Amino acid sequence: DPAQEYFSDGMTEEIIGKLASVEGLRVISRTTVEHHKDSGMDIPDIARELDVGFILEGSVRKSANRVRITALLIQTSDDSHLWARNFDANLDDIFTVQETVARQIVESLGVHLSDTVAKALAQRPTDNVSAYDAYLQGQALVERWNFREMLDSSRTYFNQALTLDPNFANALAGLASVEAQTFRNFDADPERLRRADELLDRALALQPELVRAIMARGELLVVRYQYPAATEQFRRAVELEPENYFAWDLLCWSLAYETPSKGEEAEAACRTGLRIAPQYGEFYYHLSRALVVQGKFDEARRSINEMRSIWPDADLPNLGLFWIYLGEKNYAEALALLAGQSQTPLILAASAAVHSGSGNTDAAIELLDEALGNGFRDIAWLEASEHFANVRALPAYRDLLVKHGLADM
């Protein structure tokens with residue numbers, strides 16, 4: 001049932017997370033393997049493509065409060081079955097099923113089950129299965145941060161999860177992420193950040209080392225234009241979960257926006273993430289940004305074209321092209337690509353950069369005034385970017401910084 005795809009993906013993600021906590025096991029991410037679900041490829045061919053020695057194959061069928069799960073562990077060298085089991089359970093038992101599958105896989109592979117590993121396998125995100133179900137639906141949507149309707153739906157699901165379990169740390173962090181991304185990309189209402197801070201504080205109080213919360217903390221630093229501090233958080237996230245493609249994408253994001261430029265590091269982060277999740281389209285947007293700051297405009301275009309092939313109906317590629325045209329100082333094309341974008345502080349500042357670069361300094365000052373008045377604070381970019389050189393030469397620029405209390409930043 002396509003409507004239950006999120007549940008199957010969530011099961012896969014949880015089992016992968018448990019197995020990835022076992023030292024010595026390299027586990028491929030869900031986004032990398034998911035396009036093999038209906039590919040028709042043979043197990044040996046999949047194994048060669050993914051460079052793995054074992055494959056877990058199975059299915060999830062969910063109906064009302066019952067779930068049937070099949071699981072088959074295959075050794076790819078000879079296509080032999082190491083372990084197989086069917087589970088018929090109530091949804092309330094789903095966490096026990098996940099733990100059992102992970103534990104029996106570890107034992108089948110002959111990996112020593114230490115007390116630490118056993119504890120990691122038994123860890124549950126919540127005791128409320130309905131809250132868990134709502135969280136899975138929210139998390140499946142929040143990673144598509146460039147679609148407003150998906151962020152709004154994600155918020156609804158996370159709120160449902162928290163209604164059922166107010167102390168569900170993952171859902172608290174997920175909701176903080178929704179507010180941060182909505183603030184950055186669609187609606188810069190300061191109330192969103194106040195709410196996100198409150199949610200994140202609650203999540204971290206419950207689980208200080210929760211990777212989902214560490215990522216949300218980094219996102220909140222990014223939307224406040226504190227890119228180096230955000231980078232530290234995302235580095236911590238990928239250290240704790242090296243196969244977390246979303247964390248690698250966020251690391252690429254913050255590095256690509258830092259001033260002075262950290263384009264090479266950003267590119268490396270994106271390419272690491274792409275090896276984990278080549279079908280996650282946002283990677284190609286952030287990779288293009290990382291390439292632009294290095295002056296690699298042709299490569300950046302190829303990255304945008306790759307994103308278009310994955311998401312032909314998305315608007316994000318146009319914004320990616322904007323940064324390419326801006327980098328090339330093709331100001332007319334750049335300005336045209338901003339038409340229809342949400343007038344967030346970042347987009348207002350980007351528009352100011354175009355007008356400043358093209359010599360229309362009056363419009364640039366007006367747009368920059370509006371951007372700063374709505375919370376834009378990437379002063380390092382304003383002070384260093386060649387696109388703002390014409391504006392920086394004007395007394396009106398310093399007057400703006402004084403007006404908004406930024407003269408000493």
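## Hairpins, helices and a pocket in a predicted model

β2 and β3 form a hairpin with 4 residues between them, and Asp79 in that turn has a positive phi of about 60°. Helices and strands here are DSSP runs numbered from the N terminus, with at least four residues (H or I) for a helix and at least two (E) for a strand. This is a predicted model, in which local features need pLDDT of at least 70 and side-chain atom pairs count only at pLDDT 80 or more, while totals for chains, interfaces and linings use all residues. Residues are numbered from 1 along each chain as its sequence is written, and side-chain values use heavy atoms, with hydrogens and water left out.

### The strands

Let's stay with the hairpin for a moment. β2 (66-75) and β3 (80-90) flank the loop that holds Asp79. The two strands, β2 and β3, pair in the antiparallel sense over 10 bridges; strands count as paired if DSSP finds at least two bridges between them. Val67 stands opposite Ala89 in β3, and Val67 in β2 is also the bridge partner of Lys62. On that other side, β1 and β2 pair in the antiparallel sense, again over 10 bridges. β1 and β2 form a hairpin too, with 2 residues between them, and Ala64 in the turn has a positive phi of about 55°.

### Unusual backbone spots

Most residues other than glycine have a negative phi, and most peptide bonds are trans. Where does Asp51, another residue with a positive phi, lie? Asp51 is in the loop between α3 (43-50) and β1 (54-63), and its phi is about 60° although it is not a glycine. Asp51 is exposed, with a relative accessible area of 57%, whereas Asp79 is partly exposed at 40%. The cut-offs are under 20% relative accessible area for buried, over 50% for exposed and in between for partly exposed, with a 1.4 Å probe and protein chains only.

The peptide bond from Thr259 to Pro260 is cis, with omega near 5°. Pro260 is found in the loop between α12 (245-257) and α13 (263-276).

### Two covered helices

Helix α6 (residues 129-142) has 14 residues and reaches 20 Å from its first C-alpha to its last, close to the expected 20 Å. That expected span is 1.5 Å times one less than the number of residues. At the N-terminal end of α6, Asn128 acts as a cap, with a side-chain oxygen 3.0 Å from the backbone nitrogen of Ser130. How many of the 14 residues of α6 are buried? The count is 12, which leaves α6 mostly covered; Tyr132, Asp133 and Tyr135 are among them.

Helix α14 (residues 282-292) is mostly covered as well, with 11 of its 11 residues buried. These buried residues include Glu282, His286 and Arg289. They pack against α12, α13, α15 (297-310) and α16 (316-327).

### Three buried helix residues

The table sets side by side three residues that lie in helices, where contact means heavy atoms within 4.5 Å. Neighbours up to four places away in sequence are left out of the contacts of Thr182, as they are for Arg192 and His355.

| Residue | Helix | Relative accessible area | Contacts |
|---|---|---|---|
| Thr182 | α8 (169-185) | 0% | Arg148, Leu151, Arg155, Asp187, Arg192 |
| Arg192 | α9 (190-206) | 15% | Arg148, Arg155, Glu179, Thr182, Phe183, Asp187 |
| His355 | α18 (345-357) | 14% | Leu335, Asn360, Thr361, Ala363, Ala364, Leu367 |

Thr182 and Arg192 touch each other. The C-alpha atom of Thr182 is separated by 9.7 Å from that of Val223, 41 residues apart along the chain.

### The second largest pocket

Rolling a probe the size of a water molecule over the atoms shows where empty space is left. About 1300 Å³ of space lies in the second largest pocket. Of the 45 residues that line this pocket, the closest to its centre are Thr12, Val33, Leu56, Glu57 and Gly58. A pocket is an open set of points on a 1 Å grid over the protein atoms alone, where a 1.4 Å probe fits, with protein on both sides within 12 Å along at least five of seven lines; lining residues have an atom within 4 Å of a point. Grid points are joined across faces, edges and corners, and the volume is the space filled by probe spheres set on the points.

Which elements each supply at least two residues of the lining? They are α1 (5-20), α2 (30-33), α3, β1, β2 and α4 (94-108).

Terms used: A polar contact is a pair of N or O atoms within 3.5 Å; within protein, one must be able to donate a hydrogen and the other to accept it, and residues adjacent in sequence count only if both atoms are side-chain atoms.
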